[in-house]
Amino acid sequence: MLLLLPVLLLCAVKGASISVKKYFPQSRIVGGATASVGQFPHQVSLKFLNSHNCGGSIISSTYIVTAAHCIALGKPPVEIPPQYLTVRAGSRHVDRGGQLVRVAEVKMHPLYDGSDNDIAVLRLAQPLRFNSQVKAIALAKRDPPTGVPILTSGWGLTRNGGNTTTYLQYTTLMAVKNEDCNRLSYGGVHEAILCLAHNINNGVCKGDSGGPAVYKNQLVGVTNYIVGGCGSYNPDGFASVAYYRDWLRNNTNIA
């Protein structure tokens with residue numbers, strides 16, 4: 001019931017036909033390990049009506065980067081009113097601890113069409129208080145080299161088909177060239193996508209969307225999509241932060 005209220009409101013206002021399951025899937029990382037306290041101080045839980053919906057990354061005391069499909073509904077996409085959204089930062093527990101802050105403004109990429117350009121920023125109603133467990137992460141200026149390990153994190157299943165978890169999980173993926181990603185994922189990879197490969201029964205899934213991909217303490221990707229199911233042999237798709245870096249800087253207070 002909690003998920004339906006804003007969906008129904010948006011349908012009434014915009015006349016959109018929306019699948020709650022599609023746009024607000026459960027969060028999970030397959031084959032992950034439990035994060036230690038403060039291991040990912042940039043990670044936040046983006047909540048929709050107080051329920052975890054997606055991940056996100058702190059890029060300044062007042063701005064979060066996430067996936068556009070985490071804050072938009074319908075076709076054409078319509079931004080969710082910010083009063084339905086909150087962010088929890090500074091806790092590896094999805095529902096307690098840390099700092100809970102309201103979202104004041106949402107802004108999806110202007111070319112987001114429900115698939116491509118799947119990136120967005122959130123402006124918080126008040127600044128986060130930085131400490132050892134709440135920190136901003138730098139935006140990468142270039143994509144990571146092929147073959148290097150990339151960390152990604154989120155809340156959810158510890159194994160495919162298992163139970164959801166309340167503690168932050170993480171796993172290691174590997175950067176691959178987009179031409180290899182096209183071959184492995186049956187083609188059609190957008191130029192702004194960072195492809196990250198993984199072992200079978202490992203990787204991101206569904207509501208891990210919006211979460212970080214990190215290389216050398218820089219944000220290199222924003223979780224976008226999977227191909228062939230959670231933990232399949234296909235690489236996972238992330239929005240390239242280097243590709244969108246100028247847009248992110250122009251739409252936030254990052255110098």
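Leaving aside its neighbours within four places in sequence, which residues is Gln-43 in contact with?

**View 1. The surroundings of Gln-43 in strand S3 of the predicted model.** Gln-43 belongs to strand S3, which covers residues 43-48, and beyond its neighbours within four places in sequence this residue is in contact with Gly-55, Gly-56, Arg-88, Ala-89, Gly-90, Ser-153, Gly-154, Trp-155, Leu-168 and Pro-212. With a relative accessible area of 2%, Gln-43 falls under the 20% cut-off and therefore counts as buried. Its side chain makes a polar contact of 2.5 Å with the side chain of Ser-153.

**View 2. Strand S16 and its pairing with S12 and S17.** Strand S16 spans residues 212-215, with Pro-212 and Val-214 pointing one way and Ala-213 and Tyr-215 the other way, and all of these residues are buried. Strand S12 (residues 149-154) runs antiparallel to S16 and is joined to it by 2 bridges, with Thr-152 having Ala-213 as its bridge partner. S16 is also antiparallel to S17, to which 4 bridges join it, and here Ala-213 stands opposite Gly-221. The hairpin formed by S16 and S17 has 2 residues between the strands, and Lys-216 in the turn has a positive phi of about 50 degrees.

**View 3. The barrel of 6 strands.** In the order S3-S4-S5-S10-S9-S8, the strands close into a barrel with antiparallel pairing, and from one strand to the next the twist averages 40 degrees. Within this arrangement, S5 and S10 run antiparallel and are joined by 4 bridges, and Val-65 has Val-121 in S10 as its bridge partner. Helix H4 packs on the sheet, where it touches S5, S9 and S10, and the direction of H4 makes about 30 degrees with that of S10.

**View 4. The buried residues of helix H4.** Helix H4 comprises residues 241-250, of which Val-241, Ala-242, Tyr-244, Arg-245, Trp-247 and Leu-248 are buried. In an α-helix there are 3.6 residues a turn, so residues three or four places apart point the same way. The buried residues of H4 pack against several strands, among them S11 (138-139), S17 (218-225) and S18 (236-240).

**View 5. Residues 1-28 and the confidence of the model.** The mean pLDDT of the protein is 83, with 82% of its residues reaching 70 or more, whereas over residues 1-28 the pLDDT stays under 50. Although the model has 62 contacts beyond four places in sequence for residues 1-28, predicted coordinates should not be read in detail where pLDDT is low.

How values were computed: Residues are numbered from 1 along each chain as its sequence is written. This is a predicted model: local features need pLDDT of at least 70, side-chain atom pairs count only at pLDDT 80 or more; totals for chains, interfaces and linings use all residues. Side-chain values use heavy atoms; hydrogens and water are left out. Buried means under 20% relative accessible area, exposed over 50%, partly exposed in between (1.4 Å probe, protein chains only). Contact means heavy atoms within 4.5 Å. pLDDT is the predictor's confidence in each residue, from 0 to 100. Two strands pair if DSSP finds at least two bridges between them. Axes are lines fitted to C-alpha atoms, for helices over the stretch in contact, and angles run from 0 to 180 degrees between N-to-C directions. A polar contact is a pair of N or O atoms within 3.5 Å; within protein, one must be able to donate a hydrogen and the other to accept it, and residues adjacent in sequence count only if both atoms are side-chain atoms.
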